Amino acid sequence: MPSESPGAVSAAPASTCAPAETPAGCRPRIDRKSLRANRSAPAGIRRAHRAAHTADDRTEPSEAREFAGRAIRILLEVLDRRRPVAQLNSLCASALVHTVGVVVAGDHAPSRTLGAAVLTKFRLFPAGDHAFELIAMYQRGPRRLALAGRVEHTATGWKLTALRLT
């Protein structure tokens, strides 16, 4: 056998090499797909997640949804000056009617110069026993805009009580 010099490196076949050790405290990366398949979240979290998603569907009455859709469409027509502000009296709280009147009078409706506002979609989220938060998307020309509000059931019926335009 030939003698090896002290600094020489021998080439060993790849099958005899030991795998590299991972440093202490480091773990291999987990595949996200296998993580979902393994149901790694605790059962209580999964149960709460399911309950939250089914509660949204259960508690939205159809009359609240119909009212919100009608109120948003009429509100957008008022902001476009296609309807008078007075038509909001039966749909909105009095403070909100006054505020919308000021916005219309001052011509401060967002992007009004781009054309008529068209409601594209909206969603309701439960916010109490007889109240819902809403978000809506509408379009003016090429631009997509949003609004948010609150719908509450009062003694006189459903009312739009809060509004935020962007």
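**Notebook: sheet, helices and core**

I began with the strand pairing and found that β1 and β2 run antiparallel and are joined by 10 bridges. I keep in mind throughout that I am reading a predicted model. For a single pair within this ladder I looked up Arg123, whose bridge partner in β2 is Ile135.

I then followed the sheet across its whole width: it is an open sheet of 4 strands in the order β1-β2-β3-β4, with antiparallel pairing. Because β1 and β4 stand at the edges with a single partner strand each, one side of each is left without a neighbour in the sheet. From one strand to the next I noted an average twist of 25°.

At the other end of the order I checked β3 and β4, which pair in the antiparallel sense over 8 bridges and are joined by a hairpin through 2 residues. Here I picked out Leu147, for which the bridge partner in β4 is Leu165.

Stepping back to the chain as a whole, I counted 4 helices and 4 strands, and the pattern along the sequence reads α-α-α-α-β-β-β-β. Among contacts between residues at least 6 apart in sequence, I found that 47% join residues at least 24 apart.

Next I asked which strands α3 lies across. The helix lies across β1, β2, β3 and β4, and it runs at about 135° to β1.

I turned to the helix pair α3 and α4, bearing in mind that two packed helices are described by the angle between their axes and the distance between the axes. For helix α3 (residues 62-79) and helix α4 (residues 94-105), the axes come within 9 Å and cross at roughly 35°. Leu75, Val78 and Leu79 on the α3 side meet Val100, Val103 and Val104 on the α4 side, and by class this contact has 6 nonpolar, no polar and no charged residues.

The nonpolar core came next, and I wanted to know which elements give two or more residues to the largest one. That core has 31 residues, and those with the most contacts inside it are Ile72, Leu76, Leu88, Val100 and Leu134. The contributing elements are α3, α4, β1 (117-128), β2 (131-140), β3 (143-154) and β4 (157-165), with the largest share, 10 residues, coming from α3. I set this beside the general tendency of nonpolar side chains in soluble globular proteins to be buried together.

I looked more closely at Ile72, which, leaving aside neighbours within four places in sequence, is in contact with Leu119, Phe122, Leu134, Ala136 and Leu147.

I also looked up Ile74, which has its place in helix α3 and has a relative accessible area of 13%, so this residue is buried. Not counting residues up to four places away in sequence, Ile74 touches Arg83, Leu88 and Leu91; of these, Leu91 is 17 residues away in sequence and 9.0 Å away in space, C-alpha to C-alpha.

For a loop position I chose Ser111, found between α4 and β1, and asked whether Ser111 is buried or exposed. Its relative accessibility is 17%, and since the cut-off for buried is under 20%, Ser111 counts as buried. Beyond its neighbours within four places in sequence, Ser111 is in contact with Arg140, Arg143 and Leu145.

I closed with the surface: of the 166 residues, 24% count as buried, and the protein exposes about 11800 Å², of which carbon and sulfur atoms supply 56%.

How values were computed: Residues numbered from 1 in each chain as written. Predicted model: local features only at pLDDT ≥ 70, side-chain atom pairs only at ≥ 80, totals over all residues. Heavy atoms only, no water. Axes fitted to C-alpha atoms, helices over the stretch in contact; angles between N-to-C directions. Contact = heavy atoms within 4.5 Å. Nonpolar A, V, L, I, M, F, W, Y, C, P; charged D, E, K, R; others polar. Core = buried A, V, L, I, M, F, W, Y, C linked by side-chain atoms within 4.5 Å. Buried < 20%, exposed > 50% of the residue type's maximum accessible area, 1.4 Å probe, protein only. Pairing = 2+ DSSP bridges. Areas by Shrake-Rupley, 256 points an atom, 1.4 Å probe, with all protein chains shown as cover.
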